[in-house]
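Me: Hi! Could you walk me through this structure? I'd like a quick tour before I go back to the bench.

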Amino acid sequence: MSITSPVIEKHPSGYRLVYEDVYATGIDDLWQAITTPERLSRWMVEYTGDLRLGGTWAVAANGDEPSWATGTITACDAPRSFTTTWHAIEEEPTEVVVTLEEVEGGTRMRLVHTGIRSIFYGAGWQTYLERLRAHLAGESFEQEWDDRFAELSPEYEARFGAL
């Protein structure tokens with residue numbers, strides 16, 4: 001299991017995706033990269049709201065378009081783990097659990113997204129996690145997000161289709 005080969009399995013509420021990888025950085029740096037709006041905007045998207053326990057967040061709206069996802073932080077043990085609801089527009093709410101563990105060579109991050117019904121989360125998460133790796137390494141992104149997502153989508157369609 002890694003960011004390029006996640007576990008994809010059926011779940012009573014849809015599908016479950018599990019990504020895990022070791023990032024060559026300390027736990028505090030990785031925690032900041034995944035929980036502070038300023039750092040998130042560098043490799044993922046801009047967020048508004050409060051990313052602390054009990055806080056609510058939203059993907060920043062683009063112009064007149066509404067936010068495409070919102071959530072509530074339901075558990076937090078900084079800098080080791082957090083759980084958030086994930087509610088994308090026109091979808092049932094899902095759950096994302098992220099755990100960090102210091103290991104030799106860096107910090108292991110495990111991301112579990114449970115209850116998804118859209119197979120597009122597979123290519124989407126991989127694209128974001130690859131961008132996180134580049135961000136942490138101080139590298140530029142090899143491809144635009146849309147191009148990488150389109151490149152990965154056929155493989156994920158096949159993997160979900162085989163379940």
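Reply: Happy to; we'll go from the overall fold to a few backbone details, and please keep in mind that this is a predicted model.

Me: Great. How many helices and strands does the protein have?

Reply: There are four helices and eight strands. Starting at the N terminus, their order is β-β-α-α-β-β-β-β-β-β-α-α.

Me: And the overall dimensions? What radius of gyration does the protein have?

Reply: It is 15 Å, which agrees with the value near 15 Å that a compact globule of 163 residues would have. Along the principal axes, the C-alpha atoms fill a box of roughly 40 × 35 × 30 Å.

Me: What share of the residues is buried?

Reply: Of the 163 residues, 45% count as buried. As for the surface, the protein exposes about 8,500 Å², and carbon and sulfur atoms supply 48% of that.

Me: Switching to charges: how many positive and negative side chains are there?

Reply: You'll find 13 positive and 27 negative side chains. The centres of those two sets lie 6 Å apart.

Me: Now the strands. In which sense do β6 and β7 pair?

Reply: They are antiparallel, with six bridges between them. One pair to look at is Thr 85 with its bridge partner Glu 95 in β7. The two strands form a hairpin with five residues between them.

Me: Anything odd in that turn?

Reply: Yes, have a look at Glu 90, which has a positive phi of about 65 degrees although it is not a glycine.

Me: Is that Glu 90 side of things buried or exposed?

Reply: Glu 90 is exposed, because its relative accessible area is 80% and the cut-off for exposed is over 50%.

Me: OK, and how many bridges join β7 to β8?

Reply: Nine, and this pair of strands also runs antiparallel. Within it, Val 97 stands opposite Val 112 in β8. This hairpin has two residues between the strands, and Gly 105 takes a positive phi near 95 degrees there.

Me: Last one: which peptide bond is cis?

Reply: The bond from Ala 78 to Pro 79 is cis, with omega near -5 degrees. To find Pro 79, go to the loop between β5 (69-77) and β6 (81-88).

Me: And how much of the contact network reaches far along the chain?

Reply: Counting contacts between residues at least 6 apart in sequence, 48% join residues at least 24 apart.

Me: Perfect, thanks!

Definitions and conventions: Residues are numbered from 1 along each chain as its sequence is written. This is a predicted model: local features need pLDDT of at least 70, side-chain atom pairs count only at pLDDT 80 or more; totals for chains, interfaces and linings use all residues. Side-chain values use heavy atoms; hydrogens and water are left out. Buried means under 20% relative accessible area, exposed over 50%, partly exposed in between (1.4 Å probe, protein chains only). The radius of gyration is taken over C-alpha atoms; the globule rule is 2.2 Å times the number of residues to the power 0.38. Contact means heavy atoms within 4.5 Å. Accessible areas come from the Shrake-Rupley method with a 1.4 Å probe; for residues, only the protein chains shown count as cover. Lys and Arg count as positive and Asp and Glu as negative; His and the chain ends are not counted. The place of a charge is taken as NZ of Lys, CZ of Arg, CG of Asp or CD of Glu. Two strands pair if DSSP finds at least two bridges between them.
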